[in-house]
Amino acid sequence: MPSGSKMDLLLANAESISDSSNAYGVKFKKEKSYGTDVIAAREEQSILITTIASKGELQNWPDLLPKLCSLLDSEDYNTCEGAFGALQKICEDSAEILDSDVLDRPLNIMIPKFLQFFKHSSPKIRSHAVACVNQFIISRTQALMLHIDSFIVNLFALAVDEDPEVRKNVCRALVMLLEVRMDRLLPHMISIVEYMLQRTQDPDENVALEACEFWLTLAEQPICKDVLCRHLAKLIPVLVNGMKYSEIDIILLKGDVEEDETIPDSEQDIRPRFHRSRTVAQPHEEDCIEDDDDDDDNDLDDDDTISDWNLRKCSAAALDVLANVFRDELLPHILPLLKELLFHPEWVVKESGILVLGAIAEGCMQGMIPYLPELIPHLIQCLSNKKALVRSITCWTLSRYAHWVVSQPPDTYLKPLMTELLKRILDSNKRVQEAACSAFATLEEEACTELVPYLAYILDTLVFAFSKYQHKNLLILYDAIGTLADSVGHHLNKPEYIQMLMPPLIQKWNMLKDEDKDLFPLLELHNAQPDQYEAPDKDFMIVALDLLSGLAEGLGGNIEQLVACSNILTLMYQCMQDKMPEVRQSSFALLGDLTKACFQHVKPCIADFMPILGTNLNPEFISVCNNATWAIGEISIQMGIEMQHYIPMVLHQLVEIINRPNTPKTLLENTGIQNLNNLWCTSLRNIRDNEEKDSAFRGICTMISVNPSGVVQDFIFFCDAVASWINPKDDLRDMFCKVLEGALRSPWGLHFSRLNNPNSQPVFIEEGLQPSDQISGLLWTHSNT
């Protein structure tokens, strides 16, 4: 660690050049005649100073910050700019310590000093000044909050600055202020929205990108709808326009290259792949673009080679979140644009229209349904477009509507879509192969056993892809095969199918070394769909837990002897307490599977497991919470009345989760086994028939039989949820009948009679529900029994 005297050496060396004590200024003055050498020397000094500062040495160099601040007042531009450059880097790297008592809170002096330079004649200095202050917005640094009004006034003065770097920093500041000091922006919100509309169209794409972030942040605010409703007519075309590929994008993406399947992947093409820990969930309606744990397959598109984040992606993400805010109210502004874009002769414009259609899929689904019978066939045709970028984005957009496709007669849309996607899986363009594989995996999740009649054709295609794919797409192919196995279950367990699949998989397995990370996707083929995992050091622990989970699920009761002869429960107990969320996530999945497969071995450990499960019911870690909740449900089923002792450990947390706004559907599905209210019913009505849904409805019917009066207020939602069943098991149908019969005979039958009425539609509309033939049939049938 450098000593104070060594750090002062930087000052001493510069001072030796001149009699002046202004160390940095002297060096800049002496070197300014050397042109570009000055800039290089200044950069080197800034890097040296900030490197020392970032190592935690600011407290051992007490003269540094006062010296740099004093140099800001120098009449020499190079001195001032060099000092500001160093200060900006220090603010970026050491923001936390600058706002602490360790340095006697220097920001109390620095913030007002920075604000003075917002009006400097040099755009570079203005940009430095704004960038320095911006570092302290999100943390609500007290020194800045004391000057917040002055800061905002000065920002507004820079709104039309001619320098793009200044405008970019102004936009960045406004986006952060929107998040942390909305109260100060509200009086000016109309002007700010108009300004951000202009900047989102800024000729400098970096400025436009910063401005576009504003709409993403605003969409998360409660005032979004009120603020933007009058601006949608202007905003939507701006966002749509931003979703077109730029010329430089097309060059970087090699948009003119149609056939590249024989070109081996370069190292930069293959992003590091880490195992994703298993999440217990069933397929639901369309996944949001911003998945909570952000699977690559759910990205807006696959522009990996241009940048992680650009105007195109930001515009599409903004449109997606706004569609979720405004729902079908957005369509009058979108549909006229879509009509022009989707049938435009220029492929770049057409491609952007297909992206728009995918971006609004979740938020505007209900309003789009009348148009889908025409749009889906058009999109299926686009899968054969001569441009690879059009084919790839079409794969993604179709995956966003997979739930609707599967809900229609199979021959109408599912079979044509499946056929064309399989052709694209064998496309001659690697980007299209990747997009098609990802889209087909989504279709597999939605279609499940609907794909069984086509298994031979599907497997033919996937197996043939092994011989075509380069390294990167092979990993995605493994995922698609694993998802197929999860979706069709035992239907894949036929000798002819196993004979097709196993030889290429075993060949790949034998080619890999024991420490090769590519073992993970091969192991995943035994397991359920996983969630994103980032830290590489515990990959093998997690993949082992998930493989054991898959074995327990596949072998069922036959795993009992293997568990009895091992220390798996002891090891699982340790993993359940691991600091890494992904390890706990996989541990709870294994606990649930072992509970189902061989509860006699799990039961003696329940007293140790339940407190750990209770402490992990934290929705901040969605996947961990999801798996813990599911495991509790499976344990409850096995324990029966003996579970009563453990209810206080988990009930409060489960009730909080189910009443929490914006709880993910997978989590609501698993907590739904435990509790009833209108959120429970409205969440489960959107889940397709499956074992978890069956279990949840059995639980609620049992609860109603014990305490009928407890559901009076929410009974209309219960009936709506019951009507979502397509084919309940006979004994579950009998439970529904008993509940309905009991309702007719109960003192609260008057409430029930509101539904048992041909004119009951207004009741459903009033409650925000959709009238349903299933509901009417169910009610009328059982009212006459």
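**Aromatic contacts in the predicted model**

Phenylalanine 466 and tyrosine 478 are both buried (under 20% relative accessible area, with over 50% counted as exposed and values in between as partly exposed; 1.4 Å probe, protein chains only). The structure is a predicted model, in which local features need pLDDT of at least 70, side-chain atom pairs count only at pLDDT 80 or more, and totals for chains, interfaces and linings use all residues. Residues are numbered from 1 along each chain as its sequence is written, and side-chain values use heavy atoms, with hydrogens and water left out.

A search of the whole structure yields nine aromatic pairs (rings of Phe, Tyr and Trp, the last by its six-membered ring, with centres within 6.5 Å; planes under 30 degrees apart are stacked, over 60 edge-to-face and the rest tilted). Among them is the tilted pair of phenylalanine 466 and tyrosine 478, at 6.1 Å centre to centre and 40 degrees between the planes. Because phenylalanine 466 lies in helix 27 (residues 455-466) and tyrosine 478 in helix 28 (residues 471-488), this pair ties together parts that are 12 residues apart in sequence. Helices are DSSP runs (H or I, at least four residues), numbered from the N terminus.

An edge-to-face pair is formed by phenylalanine 697 and phenylalanine 736, with 5.8 Å centre to centre and 80 degrees between the planes. This pair links distant parts of the chain, 39 residues apart: phenylalanine 697 belongs to helix 40 (residues 691-706) and phenylalanine 736 to helix 42 (residues 730-745). Both phenylalanines, 697 and 736, are buried. One aromatic cluster comprises Phe84, Phe114 and Phe117.

Charged side chains also sit over rings (NZ of Lys or CZ of Arg within 6 Å of the ring centre and within 35 degrees of the ring normal). The charged end of arginine 312 is placed over the ring of tyrosine 245, 3.8 Å from its centre, and that of lysine 693 over the ring of tryptophan 725, 5.0 Å from its centre.

Terms used: Helix = DSSP H or I, 4+ residues; strand = E, 2+ residues; numbered from the N terminus.
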